[in-house]
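Visitor: Please choose one part of this structure and look at it closely. Then tell me what the rest of the chain offers for comparison.

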Amino acid sequence: MIDRSVIDHSNDAALETLKSDYAALGDHLDRRGINIDSIKTKVASYGIAVPSWGVGTGGTRFARFPGGGEPRHIFDKLDDCGVVQQLTRATPSVSLHIPWDKADPADLMAKAEETGLAFDAVNSNTFQDQDGQAHSYKFGSLSHVDAATRQLAIDHNLECIELGNAIGSKALTIWVGDGSNFPGQVNFTSQFERYLDSAKAIYAGLPADWRLFTEHKMYEPAFYSTVVQDWGTNYLISKELGDQAYCLVDLGHHAPNVNIEMIVARLIQFGKLGGFHFNDSKYGDDDLDTGSIDPYRLFLVFNELVEYENKPGFDPMHMLDQSHNVTDPIESLMSSAMEVQRAYAQALLVDRVALKNYQQNNDALMASNTLKDGFRTDVSPILAMARFETRGAIDPITAYRNSAYREMVSSERPMVSGAGGGIV
Ligand SMILES: [Mn+2]
């Protein structure tokens, strides 16, 4: 963790400017009939989960270029996630990936306590084979033609629930790489039937206070078809399984230009939006930093979330899911968590009474401008003040760089081999 004095020192240098910017923005919002402190309070309590795998350096299909001080195991990962939370106060929980993060639950709980973190949804992994695995997932897992392979994948998910239950998780996220690479390779219908049967077996093992999230993805690693290719199929799965099953939306898992905010609205309308994997993309599942490519789209997603945030039973989970290939992962995660909070704050500023009125009167231009008024407002002082008042850093990136945390862990953790490609 980072020494308190480093954060205090960096905050001292920035506080006067922040106070002045916050007061100016407060005056501006006041003229729009918005109380800045109420926005700040909501932002301060808006948590985003960090994926344990996000603190390692990612790669592409071509190569991976490791960074210094990469975490060696889940306990190093939790240290890094603890730093993200310490500085941003936006990421109070971590989402584990099993078996990558498998460890004694008591040790995980002790480390979480030490780093000030809780555990979010657990993620199962049936898209790669583990050493000595009895049946391979090369041709699928939950939807494999072979019953013994499907059972192995089911058992793995049940094991994830058991571990998650021991560390306070309340949700399981299932994403499978199952699909096909050639037309004719699989029968779409029977493959989906097998998937549903397996998913039902997992659902049957879900504790009463848990939720099951399924995640759709248009392509990759299967390149011709995937078994859960889009939100429609995802919705069918959640309906087939039952009330504890919800759809998870990963922003990168759609075709370019797909209207994701509208998918979000549909899932909310029918009570099936489970949560998000936030990231950004230009072409495919690029896993770029949240808000780095199309911040307006992120804002439009949050516009839907804010519109329905008081709907009974509405409680989506928010998680980052990114691959950091050319940046320090801790810096990317901090920036991304702040971008999520930024989109949330901007969406809170939208004048919803005016918007409804413009919609009712078919005033397209003013309806659009009403949204833009929220998006165009620089809410940075609100986010910074929320961090400062919860003992975080006014400027997390500067405080992090001043702390020399990366240099410190680099001397303790050996460089991980750059051989091989693929994400981590
Ligand atoms: Mn994802």
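Guide: Start with burial: a residue is buried if 20 or more other C-beta atoms, placed from the backbone, lie within 10 Å of its own, exposed if 12 or fewer do, and partly exposed in between. The model is predicted, and local features need pLDDT of at least 70, side-chain atom pairs count only at pLDDT 80 or more, and totals for chains, interfaces and linings use all residues. Residue numbers run from 1 along each chain as its sequence is written.

The part I choose is Arg 89. Arg 89 has a positive phi of about 55°, and it is not a glycine. It comes just after α3. Its place is the loop between α3 and β2 (helices, H or I, of at least four residues and strands, E, of at least two are DSSP runs, numbered from the N terminus). Arg 89 has 23 other C-beta atoms within 10 Å, so it counts as buried.

The helix before it deserves a look. α3 covers residues 74–88, which is 15 residues. From first C-alpha to last, α3 reaches 21 Å, close to the 21 Å expected at 1.5 Å a residue (the expected span is 1.5 Å times one less than the number of residues). Burial is high here: 12 of the 15 residues of α3 are buried, so the rest of the structure largely encloses this helix. At its start, Ile 74, Lys 77 and Leu 78 are among the buried residues. Towards the end come Asp 80, Cys 81, Gly 82, Val 83, Val 84, Gln 85, Gln 86, Leu 87 and Thr 88, buried as well. The list includes Lys 77 and Asp 80, which count as charged.

Past Arg 89, follow the chain onward. β2 spans 93–95, and the loop from β2 to α4 (105–115) holds Pro 99. The peptide bond from Ile 98 to Pro 99 is cis, with omega near 15°. Another cis bond joins Glu 220 to Pro 221, with omega near 5°. Pro 221 sits in the loop between β7 (211–215) and β8 (225–226).

Now set Arg 89 beside another arginine. Arg 391 has a positive phi too, near 70°. It lies in the loop between α13 (380–389) and α14. Its surroundings hold 13 other C-beta atoms within 10 Å, so Arg 391 is partly exposed. Gln 269 is in helix α8 (residues 260–269). Gln 269 is exposed, because it has 12 other C-beta atoms within 10 Å.

From the loop of Arg 391, step back to α13 and on to α14. Pro 381 lies in α13. It is buried, with 21 other C-beta atoms within 10 Å. Beyond four places in sequence, Pro 381 touches Leu 18, Asp 21, Tyr 22 and Leu 25 (contact means C-beta atoms, placed from the backbone, within 7 Å).

α14 (residues 396–403) packs on α1 (residues 4–31) at about 135°, with axes 9 Å apart. Axes are lines fitted to C-alpha atoms, for helices over the stretch in contact, and angles run from 0 to 180 degrees between N-to-C directions. That makes the pair oblique (under 35 degrees is roughly parallel, over 145 roughly antiparallel, 65 to 115 roughly perpendicular, the rest oblique). Val 6, Ile 7 and Ser 10 in α1 meet Thr 398, Ala 399, Asn 402 and Ser 403 in α14. This contact has 3 nonpolar, 4 polar and no charged residues (Ala, Val, Leu, Ile, Met, Phe, Trp, Tyr, Cys and Pro are nonpolar; Asp, Glu, Lys and Arg charged; the others, Gly among them, polar).

A further pair is α9 (residues 295–307) with α10 (residues 329–348). Their angle is about 55°, with axes 8 Å apart. α9 and α10 are therefore oblique. From α9, the contact includes Leu 298, Phe 299 and Phe 302; from α10, it includes Ala 343, Tyr 344 and Leu 348. By class, there are 10 nonpolar, 2 polar and 1 charged residues.

Last, α5 (residues 147–166) and α6 (residues 188–203) cross at roughly 35°, their axes coming within 9 Å. Arg 150, Ala 153, Ile 154, Asn 157 and Leu 158 in α5 meet Arg 194, Ser 198, Ala 201 and Ile 202 in α6. Here the classes are 5 nonpolar, 2 polar and 2 charged.

Notes: Two residues are in contact if their C-beta atoms, placed from the backbone, lie within 7 Å.
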